Amino acid sequence: MTLSLKKISGLEIWLNPETLEIRFGDNISVGKKSVRLWQEMKEFVENPSAEPTREEIYYVFRNVSETRDAGRIKEKELRYDITVIPTGLFVSKHKEYFRTAGHYHPPKAETAVPYPEVYEVLYGRGQFLIQRRDPNNPAILSEVYIVEAGPGEKVLMPPGFGHISVNTGKDALVLANWIADNFQYDYTPYQKFKGGGYWLVEGFIQNTIEFEKNHNYAEIPEIKKLRPKELPEFGLIRGKPMYEVAHALERLDFLRSPENFERNLGREHCFKEIG
């Protein structure tokens with residue numbers, strides 16, 4: 001069975017939930033597809049000797065756009081990607097859910113403000129583990145949050161927060177993201193500490209999720225739960241395809257020039273605390 005993701009994404013995209021095949025319409029341009037294999041992922045998880053339930057951990061399609069928009073998006077140094085995270089577990093002492101490797105963003109040149117990023121859930125339900133580290137010691141985490149989001153919801157990663165996307169659901173997790181295309185991700189801390197401040201693992205009770213502290217870090221605060229807010233000033237409204245800002249790219253200036261939008265990019269502005 002193939003599902004159309006056009007209504008939620010705004011693009012001619014189809015997903016086969018069983019095979020995880022993504023098919024794009026003839027009017028869609030795709031720059032590059034990459035696959036994160038277990039061999040590349042094992043240094044980012046709790047136990048490098050774990051047994052994954054599949055070898056292909058997640059897929060990323062870079063520079064996705066309608067062909068007519070590709071030139072304007074490139075000129076603005078922006079990028080729209082699609083990520084597919086299958087259901088799966090890294091099985092060892094714990095059963096850690098499949099997730100991305102995790103990364104931080106550097107500060108924009110000549111500023112102290114790191115680049116943000118914004119995600120949209122297109123299919124499934126996602127858990128986003130976001131964390132801020134001590135600027136003088138990456139082994140000390142000052143803040144750690146878990147953000148759950150479902151189809152149509154947008155999650156803005158504030159400047160300075162590293163992040164991991166986790167699939168704890170029964171279905172594949174399909175995400176879209178907008179990001180500035182003029183810097184490199186920093187994966188090193190997540191590799192060094194075997195993941196984020198917490199590992200999301202399968203609970204002993206069916207359909208439950210547990211948060212295991214990652215004691216490779218020197219200090220880890222208690223995890224708090226957040227829910228994403230709508231951010232209409234950036235065109236980020238639940239149920240409205242995030243890709244539509246491709247027709248008003250000035251809405252995404254906060255991705256390229258975060259120093260001009262700090263007031264609207266703080267954690268308190270982008271999320272509400274729950275629980």
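Modeller: Helices (H or I, at least four residues) and strands (E, at least two) are DSSP runs, numbered from the N terminus, and Ser 9 is found in one such run, helix α1 (residues 6-9). The model is a predicted one, in which local features need pLDDT of at least 70 and side-chain atom pairs count only at pLDDT 80 or more, while totals for chains, interfaces and linings use all residues. Residues are numbered from 1 along each chain as its sequence is written, and side-chain values use heavy atoms, with hydrogens and water left out.

Biologist: Why does Ser 9 count as buried?

Modeller: The relative accessibility of Ser 9 is 0%. Buried means under 20% relative accessible area, exposed over 50% and partly exposed in between (1.4 Å probe, protein chains only), so the value for Ser 9 meets the criterion for buried.

Biologist: Which residues is Ser 9 in contact with, leaving aside its neighbours within four places in sequence?

Modeller: Ser 9 is in contact (heavy atoms within 4.5 Å) with Tyr 80, Leu 122, Pro 241 and Tyr 243. In addition, the C-alpha atoms of Ser 9 and Tyr 123 are 9.6 Å apart in space, although 114 residues separate them in sequence.

Biologist: What makes a polar atom of the side chain of Ser 9 and the backbone oxygen of Leu 5 a polar contact?

Modeller: The distance from the Leu 5 oxygen to the side-chain atom of Ser 9 is 2.6 Å. A polar contact is a pair of N or O atoms within 3.5 Å; within protein, one must be able to donate a hydrogen and the other to accept it, and residues adjacent in sequence count only if both atoms are side-chain atoms. The value of 2.6 Å therefore falls within the limit. The side chain of Ser 9 also has a polar atom 3.1 Å from the backbone nitrogen of Leu 11.

Biologist: Are Asn 16 and Glu 18 buried or exposed?

Modeller: Asn 16 has a relative accessible area of 13% and is buried, whereas Glu 18, at 70%, is exposed. Asn 16 is found in the loop between β2 and β3, and Glu 18 lies in the loop between β2 (13-15) and β3 (22-24). A polar atom of the Asn 16 side chain is 3.0 Å from the backbone nitrogen of Glu 18. Beyond four places in sequence, Asn 16 touches Met 1, Thr 2 and Glu 21.

Biologist: How many aromatic pairs does the structure hold?

Modeller: The structure holds 16 aromatic pairs. One of them joins Phe 193 and Tyr 217, with 4.5 Å centre to centre and 25 degrees between the planes.

Biologist: Why is the pair of Phe 193 and Tyr 217 called stacked?

Modeller: Rings of Phe, Tyr and Trp (its six-membered ring) pair if their centres lie within 6.5 Å; planes under 30 degrees apart count as stacked, over 60 as edge-to-face and the rest as tilted. At 4.5 Å and 25 degrees, Phe 193 and Tyr 217 therefore qualify as a stacked pair. Phe 193 lies in the loop between α4 (188-192) and β18 (198-202), and Tyr 217 in the loop between β19 (209-213) and β20 (224-228), so the pair ties together parts that are 24 residues apart in sequence. Phe 193 and Tyr 217 are buried.

Biologist: How do you know that the charged end of Arg 133 sits over the ring of Tyr 104?

Modeller: The criterion requires NZ of Lys or CZ of Arg within 6 Å of the ring centre and within 35 degrees of the ring normal. The charged end of Arg 133 is 3.8 Å from the centre of the Tyr 104 ring, over which it sits. Likewise, the charged end of Arg 36 sits over the ring of Phe 44 at 5.5 Å from its centre. Phe 44 is also linked by ring pairs with Tyr 115, Phe 183, Tyr 185 and Tyr 187 into a cluster.

Biologist: What makes β5 (32-37) and β15 (154-157) edge strands?

Modeller: In the open, antiparallel sheet ordered β5-β7-β9-β17-β12-β15, β5 and β15 each pair on one side only. Strands pair if DSSP finds at least two bridges between them. Strand β12 (residues 117-123) and β15 pair over four bridges, which meets that limit. Val 118 has Leu 156 in β15 as a bridge partner and stands opposite Trp 178 in β17. Seven of the seven residues of β12 are buried.
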